Amino acid sequence: MSSTLLTETPVDRPTSPRPAQVAAMLGFALITLDTSVVNVALPAIGADLRAGMSGLPWVVDSYTLVLAALLLSSGALADRVGASRAYGAGVVVFVLASAVCGLAPGLPALLAARAVQGAAAAVMLPASLALVREAYGDPVRRARAVSLWAAGGTVAVALGPVVGGALTTAWSWRGVFFLNLPLGLLALAPLTRVARSARGTAPIDLPGQLTAMTALGALTFAAIEGGTEAWWALGVAGVSFAALLVIEAQRRHPMVPLGLFRNTTVAVAVAAGSANSVAFYGMLFVFSLFFQQVLGLSALAAGLMFLPMTGLLAGVNLLSARVAARYGARLPIVLGQAVAVAGLLGLLTVDAESSRVAQALLLVPLGVGASFSLPPLIASMMEAVPAERAGTAAGLLNAMRQTAGALAVAVFGSLAARSMETALPTSILISAGLLTLTALASLRLPGRRA
């Protein structure tokens, strides 16, 4: 890391970047596992804690919203305290909060612990990407390393529904949280062989952080709860968002550097990454409910329905890195989104009378397309920003992706609370429309690299 922002000389890097790569992969896997493993446990959580349909989206969004909101400033925190320190602290807090989730006596305690989990994950995620950025100086090797980092998350997504379903069916929904304890210790182990990251002087934007959290929380509340309160919440969200823009435009060191969006690659990466999250995580949530509440499947059986889709994700991630290295990032980004749109349109044929095999196979194109486009999107954005802003850029991209996923769960969950029969096709069409728009926007990205 070059930089006038550094205030101490970094420790010499180890001869091998592998420990940093492994630590980053395991940390990202832990974060993404927590999302996918919880989805299939939602009906069991609702029954045990007496949470209605409107309460289930909060089990997901209390984690995702805090993660999204704090990612905006936690990227700067990773730059300030050093990626290795931020990552280690985040993992420790995440593991402790997971234990509290597993012991939660009721829904309020579970939601509070989930929020702490989200805060810890917000520190871990940009720090893990910054570790990769520090470990690999060569852009081509770094792009491959980002794909491996993404593969760690996709393996977790692949295993999450099955593991969550198995734990919930054989034991209890509490097992999906206790699982994080040994996995968290495993994620900490490689950090002992990673050189300490240099500290920076990036300031924390507290006014921007508070307005961002208020805007996201109010917007999600409006989407989930509805009714008269929703209009008040939308008003609060609008005022808070406007205040955020004013604050960020005037600050010398903004939490959200608005100037980054003048870069076409950054703007497209953020938009396409957000649409990707709406489609993937929104469908994971909706179909988890559909499989259990409409088809009457057990949590394990519901998890197995996702296996054909999720089982291919890691391999597709790695394949996309090879395609991007040969043809440039634009091709896999556009192609992946197009395949995902085709898959979503195919899902419009799914109903309670469809065969189980057809339902599982029709999810495959969505997963393949989403995972094919995501690694080159991330690598392109990381290449488009200076090295000293790597943590901030990673935080911004992932904050927008998590926000999009949270809003998708909120909106689709609200639709499902009214009628699953209409929620399924409506959610699919919303996801397909957004991905179509961002696929067209991705055509503006640079073509094959020189």
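Start by selecting Ser431, which touches Val278, Ala279, Met283, Leu344 and Phe412, leaving out residues up to four places away in sequence. The model on screen is predicted. Ser431 belongs to helix α19, which runs over residues 420-442. With a relative accessible area of 0%, Ser431 is buried.

**The largest core**

From Ser431, move to one of its contacts, Leu344. Leu344 is among the residues with the most contacts inside the largest nonpolar core, a set of 63 residues. To see the others in that group, select Leu110, Phe287, Phe290, Phe291, Phe306 and Leu347. Which helix gives the most to this core? Colour residues 264-294: this is helix α11, and it contributes 13 residues.

Another core lies apart from this one. It has 60 residues, and Tyr87, Leu129, Leu374 and Leu377 are among them.

**Aromatic rings**

Go back to the largest core and show the side chains of Phe287, Phe290, Phe291 and Phe306, which ring pairs link into a cluster. The structure holds eight aromatic pairs. One to look at is Trp173 with Phe177: the ring centres are 6.1 Å apart and the planes stand at 85°, so this pair is edge-to-face. Trp173 is buried, at 2% relative accessibility. Phe177 is buried too, at 0%.

Next, centre on Phe291 and Phe306. Their ring centres lie 5.4 Å apart and their planes make an angle of 65°, so this pair is also edge-to-face. Phe291 sits in helix α11, while Phe306 is in the loop between α12 (299-305) and α13 (307-310), so the pair ties together parts 15 residues apart in sequence. Are these two residues buried or exposed? Both Phe291 and Phe306 are buried.

Keep Phe291 selected and show its surroundings. Not counting residues up to four places away in sequence, Phe291 touches Gly296, Leu297, Ala302, Met305, Phe306, Gln359 and Leu363.

**Salt bridges**

How many salt bridges does the structure hold? There are two.

For one of them, select Arg114 and Asp34, whose closest N and O atoms are 2.3 Å apart. Arg114 is in helix α5 (residues 107-135) and Asp34 in helix α1 (residues 18-39), so the bridge ties together parts 80 residues apart in sequence. Arg114 and Asp34 are both buried.

For the other, select Arg174 and Asp48, where the N to O distance is 3.9 Å. Arg174 lies in the loop between α6 (139-170) and α7 (175-178), and Asp48 lies in helix α2, so this pair ties together parts 126 residues apart in sequence. Asp48 counts as partly exposed, with 43% relative accessibility.

**Around Ala44**

Stay with helix α2, which covers residues 42-49, and pick Ala44 within it. Ala44 is partly exposed, at 28% relative accessibility. What does Ala44 touch, leaving aside residues up to four places away in sequence? The contacts are Thr168 and Trp173. Trp173 has appeared already, as a partner of Phe177 in an edge-to-face pair. Now draw a distance from the C-alpha atom of Ala44 to that of Arg174: the two are 9.7 Å apart, although 130 residues separate them along the chain.

**Around Thr403**

Jump to helix α18, residues 390-418, and select Thr403. Thr403 is buried, at 11% relative accessibility. Apart from neighbours within four places in sequence, Thr403 is in contact with Ala68 and Leu216. Draw another distance here, from Thr403 to Ala69: the C-alpha atoms are 7.6 Å apart, while the residues are 334 places apart along the chain.

**A surface patch**

For the last stop, switch on the surface and select Phe241, Leu245, Leu258 and Phe261. These residues form a nonpolar patch on the surface, and together have about 320 Å² of accessible area. Phe241 is part of helix α10, which spans residues 227-250. Its relative accessible area is 47%, so Phe241 counts as partly exposed.

Terms used
Residues are numbered from 1 along each chain as its sequence is written. This is a predicted model: local features need pLDDT of at least 70, side-chain atom pairs count only at pLDDT 80 or more; totals for chains, interfaces and linings use all residues. Side-chain values use heavy atoms; hydrogens and water are left out. A nonpolar core is a set of buried Ala, Val, Leu, Ile, Met, Phe, Trp, Tyr and Cys residues joined through side-chain atoms within 4.5 Å. Buried means under 20% relative accessible area, exposed over 50%, partly exposed in between (1.4 Å probe, protein chains only). Helices (H or I, at least four residues) and strands (E, at least two) are DSSP runs, numbered from the N terminus. Contact means heavy atoms within 4.5 Å. Patches are made of residues with over 30% relative accessible area and no salt bridge: like charges are joined within 9 Å, nonpolar side chains (Val, Leu, Ile, Met, Phe, Trp, Tyr) within 5 Å. Accessible areas come from the Shrake-Rupley method with a 1.4 Å probe; for residues, only the protein chains shown count as cover. A salt bridge is a side-chain nitrogen of Lys or Arg within 4 Å of a carboxyl oxygen of Asp or Glu. Rings of Phe, Tyr and Trp (its six-membered ring) pair if their centres lie within 6.5 Å; planes under 30 degrees apart count as stacked, over 60 as edge-to-face and the rest as tilted.
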